[in-house]
Amino acid sequence: MHDKNQALTLTEAVLDPILAREPAGPRVTYYDDATGARIELSGLTLANWAAKTANLIRDEFGLSPGARVAVLLPAHWQTAAVLLGCWWAGTEVVLDPDPDADLALVTADRIDDADGVAEVAALSLDPLGAPIRNLPVGITDFATAVRVHGDQFYPRGAGVALDGMPVAEVLAAARKSAMRQGFSEGDRVLSSAPWDTADELINGFVAVLTAGASLVQVVNPDPDQRQRRIDSERVTAHVG
């Protein structure tokens, strides 16, 4: 539910049309060729995980719209849910280490990059959502904390969304990127591109959702698997 007197969050802007049209269809399909992992999320499942993340951000960490969250995570299906959760909560995502951020979401090997941040949560990125053992005192285990939160979310406002860009600016950039890359509704978009910068994140993730397409994200890509994956996943477009 959205208060019509408030501007849409970035998550509502990209997910609402998808959920209205095809909530059960695949939206993010994730492969790790180094481990053989394959995880697929429908639009509804992605929205549920995003809602849990947004509730965690607001209710457990006490952040309100306008707060800044450093997301120091690789391209991953869990990162997709985290980003959408951050934007649903109205927070600004920053992609570089920032000691002035209100919260940092990191992998275990990047905890030091969150030095000085008031709140830090670490993600194992385990395919089954396993927690991280023996975390330093004061670091929240994301997988454990997020599970108890609700899978519906009611936003309270939006503003700056990504590295200083307001929602409208990110949306405009994503639509322009989708047109340039030829994405359209129903496309299956193959990508191995990182999400380390705002441009990479817009081109390789936000643009896909904005177009109404779905993403096949492959990390540690095996060139020998590429054509078989294009065929099996019915890939129709590529990032880049």
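**Close-up views of a predicted model**

**Asparagine 220 is found in the loop between strand β11 (214-219) and helix α7 (226-232).** Helices (H or I, at least four residues) and strands (E, at least two) are DSSP runs, numbered from the N terminus. What is special about phi of asparagine 220? Phi is near 50° here, and that is a positive value in a residue other than glycine. This is a predicted model, where local features need pLDDT of at least 70 and side-chain atom pairs count only at pLDDT 80 or more, while totals for chains, interfaces and linings use all residues. Residues are numbered from 1 along each chain as its sequence is written, and side-chain values use heavy atoms, with hydrogens and water left out.

**Leucine 125 has a positive phi too, near 60°.** Once again, this is a residue other than glycine. To find leucine 125, follow the loop that runs between strands β6 (119-123) and β7 (139-141). Is leucine 125 buried or exposed? Leucine 125 counts as buried because its relative accessibility is 15% (buried is under 20% relative accessible area, exposed over 50%, partly exposed in between, with a 1.4 Å probe and protein chains only).

**Helices α5 and α6 cross at roughly 90°.** Here you're looking at α5, residues 167-181, and α6, residues 198-210, whose axes come within 8 Å of each other (axes are lines fitted to C-alpha atoms, for helices over the stretch in contact, and angles run from 0 to 180 degrees between N-to-C directions). The crossing angle makes the pair roughly perpendicular (65 to 115 degrees; under 35 is roughly parallel, over 145 roughly antiparallel, the rest oblique). Which residues make the contact (heavy atoms within 4.5 Å) between α5 and α6? On the α5 side, look for Val170, Leu171, Ala173, Ala174, Arg175, Ser177, Ala178, Arg180 and Gln181. On the α6 side, Ile202, Asn203, Val206, Ala207 and Thr210 take part.

**Helix α1 meets α5 with a crossing angle of roughly 45°.** The axes of α1 (residues 10-21) and α5 come within 9 Å. The two helices are therefore oblique to each other. From α1, the contact takes in Leu10, Ala13 and Val14. From α5, the partners are Val167, Val170 and Leu171.

**Alanine 81 is tucked into helix α3 as a buried residue.** Helix α3 spans residues 77-88, and the relative accessible area of alanine 81 is just 4%. What does alanine 81 touch, not counting residues up to four places away in sequence? You can pick out Leu46, Trp49, Ala50 and Thr53. Now hop to alanine 145, which is 64 residues apart from alanine 81 in sequence and 15 Å apart in space, C-alpha to C-alpha.

**Proline 97 lies in the loop between strands β4 (92-94) and β5.** With a relative accessible area of 42%, proline 97 is partly exposed. Leaving aside residues up to four places away in sequence, proline 97 touches Leu72, Arg110 and Asp113. Glycine 116 is 19 residues apart from proline 97 along the chain, and 9.8 Å separates their C-alpha atoms.

**Alanine 118 sits in the loop between strand β5 (103-107) and strand β6.** Is alanine 118 buried or exposed? Alanine 118 is exposed, since its relative accessible area is 64%. Even so, alanine 118 touches Ala101 and Asp102, again with residues up to four places away in sequence left out. Between alanine 118 and alanine 101 there are 7.4 Å from C-alpha to C-alpha, although the two are 17 residues apart in sequence.

**Aspartate 231 belongs to helix α7.** Aspartate 231 counts as exposed, because its relative accessibility is 51%. How far apart are the C-alpha atoms of aspartate 231 and arginine 180? They are separated by 24 Å, and the two residues are 51 residues apart along the chain.

Note on methods: Contact = heavy atoms within 4.5 Å.
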